[in-house]
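Please open the structure in a viewer and keep the selection panel at hand. The tour below proceeds stop by stop, naming what to select and what is to be found there.

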Amino acid sequence: MSEPQSALPGRRAAGFATVAEAGLQGMITLRGDLASPVLAAAVQQATGCAMPGPRRIVQAGDRAAAWMSPDELLLILPHADAPGAATALQAALAGEHALVAEVSDARAMFAVTGDKAVQALAKLFPVDFAAMEPDEIRRSRMAQVAAALWQAAPGDWRIVCFRSVAAYAFGLLDNAVRPGSELTA
Amino acid sequence: MLILTCPHCGVTAEETELALGGEAHLKRYGPGDSDEQFEAYMFARKNPKGVHFERWRHAYGCGKWFIAARCTVTLEVFGTYPAQTARPPADLLAAIRAKRPSADLSDWDAATPEDAQ
Ligand SMILES: [Zn+2]
């Protein structure tokens with residue numbers, strides 16, 4: 001077996017906020033009827049999380065369940081656990097109109113942290129950050145690529161995008177946190 | 001800058017997060033219809049100066065299609081509703097008629113069985 005590699009292993013940038021490639025992260029896309037009790041039980045089983053409401057992310061330790069659209073969730077869990085969890089979800093959802101896809105290695109994840117992290121993100125996303133709730137996940141675009149972002153803790157942002165654009169995404173974030181380019185003191 | 005609220009996820013999205021899908025509520029014509037009907041379906045669009053119903057996709061967000069009723073002159077947005085809707089909601093039509101009495105909404109004048117429900 002070859003060693004799994006994240007998109008940009010160990011890449012970091014420090015400015016008025018810190019950017020770090022977040023390493024290997026397990027992710028499962030789950031599509032189906034989010035009102036189904038069978039699906040809710042399967043999500044609970046895989047992540048320990050309750051079904052998130054619209055645009056919410058429910059986090060429990062190193063796992064999370066995020067609402068991506070009216071019929072789609074993103075399940076977040078340790079990278080090594082994702083294949084097994086996907087298989088278990090398939091079994092739990094037998095007979096349901098649902099789709100499970102393990103997408104861990106199709107994605108890249110970044111952590112942007114610091115008191116002023118939101119100022120870097122505000123340059124790149126067409127998002128009203130003042131209106132964003134602490135437990136909200138927002139799918140949008142980061143400059144020219146699709147990305148989703150949420151807070152693991154207040155001021156501790158996570159961003160996911162396609163792995164194929166990881167270098168572009170890191171370049172954007174690196175540039176956005178350059179010292180002296182703060183939006184406000 | 002056009003700002004629309006996606007009826008599927010509730011995000012108030014500015015237009016660069018959305019993809020325009022052209023005029024909404026087109027009636028499809030295909031095999032068995034006349035050449036003139038098919039040509040009109042394929043190519044003829046209202047392109048009004050004023051109230052317009054158009055399809056949008058929340059492309060960078062939830063990915064779903066919806067329909068927006070807006071004014072092409074002032075960019076006033078009258079409302080948005082899911083694309084799985086055969087005709088504009090009655091309350092939205094009433095609101096538009098009140099605001100723009102001269103707008104041509106004749107496509108929606110006839111009451112339908114759905115309206116009676
Ligand atoms: Zn949406």
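**First stop: a helix of chain A**

The model is a predicted one. Select helix α2 of chain A, residues 82-92, and display the side chains of A82(A), A85(A), A86(A) and L89(A), which are the buried residues of this helix. Now turn the view until it runs down the axis of α2(A): the buried residues fall within an arc of 100 degrees, so they line one face of the helix. An α-helix has 3.6 residues a turn, so residues three or four places apart point the same way.

Against what does the buried side of α2(A) pack? Add β3 (26-31), α1 (37-47), β6 (72-77) and β7 (99-102) of chain A to the selection; the buried residues of α2(A) pack against these elements. Then rotate to the face turned away from the buried side, where T87(A) and A91(A) are exposed.

**Second stop: the zinc ion**

Select the zinc ion together with C6(B), C9(B), H58(B) and C62(B). These residues are its protein donors, through SG of each cysteine and ND1 of the histidine, at 2.0 to 2.4 Å from the ion. The angles among the four donor atoms run from 98 to 116 degrees, and the site is tetrahedral. For comparison, the ideal angle for four tetrahedral donors is 109.5 degrees.

Along the chain, the donors follow the spacing C-x2-C-x48-H-x3-C. C6(B) lies in the loop between β1 (3-5) and β2 (12-14) of chain B, and C62(B) in the loop between β4 (51-57) and β5 (65-71) of chain B, so the pair ties together parts that are 56 residues apart in sequence. Both C6(B) and C62(B) are buried.

**Third stop: a glutamate in a strand**

Select E23(B), in strand β3 (residues 19-23) of chain B. Is E23(B) buried or exposed? Its relative accessibility is 11%, and therefore E23(B) counts as buried. Display the backbone nitrogen of K46(B), which lies 2.8 Å from a polar atom of the E23(B) side chain. Beyond its neighbours within four places in sequence, E23(B) is in contact with R45(B), K46(B), N47(B), H52(B), F53(B), E54(B) and R55(B).

**Last stop: where the chains meet**

Finally, display chain A and chain B together: 15 residues of chain A are in contact with twelve residues of chain B. The area buried between the two chains is about 1000 Å², of which carbon and sulfur atoms give 49%. On the chain A side, select R55(A), R138(A) and R141(A), which lose the most area to chain B, together 39% of what that side buries.

Conventions
Residues numbered from 1 in each chain as written. Chains lettered and ligands numbered in written order. Predicted model: local features only at pLDDT ≥ 70, side-chain atom pairs only at ≥ 80, totals over all residues. Heavy atoms only, no water. Donors = N, O, S within 2.8 Å, 3.2 Å for Na, K, Ca; no water. Tetrahedral: all angles 85-135°; square planar, octahedral: opposite > 155°, others 65-115°. Helix = DSSP H or I, 4+ residues; strand = E, 2+ residues; numbered from the N terminus. Buried < 20%, exposed > 50% of the residue type's maximum accessible area, 1.4 Å probe, protein only. Arc of directions from axis to C-beta. Contact = heavy atoms within 4.5 Å. Polar contact = N/O pair within 3.5 Å; in protein donor to acceptor, adjacent residues only side chain to side chain. Buried area = accessible area lost by both parts, 1.4 Å probe.
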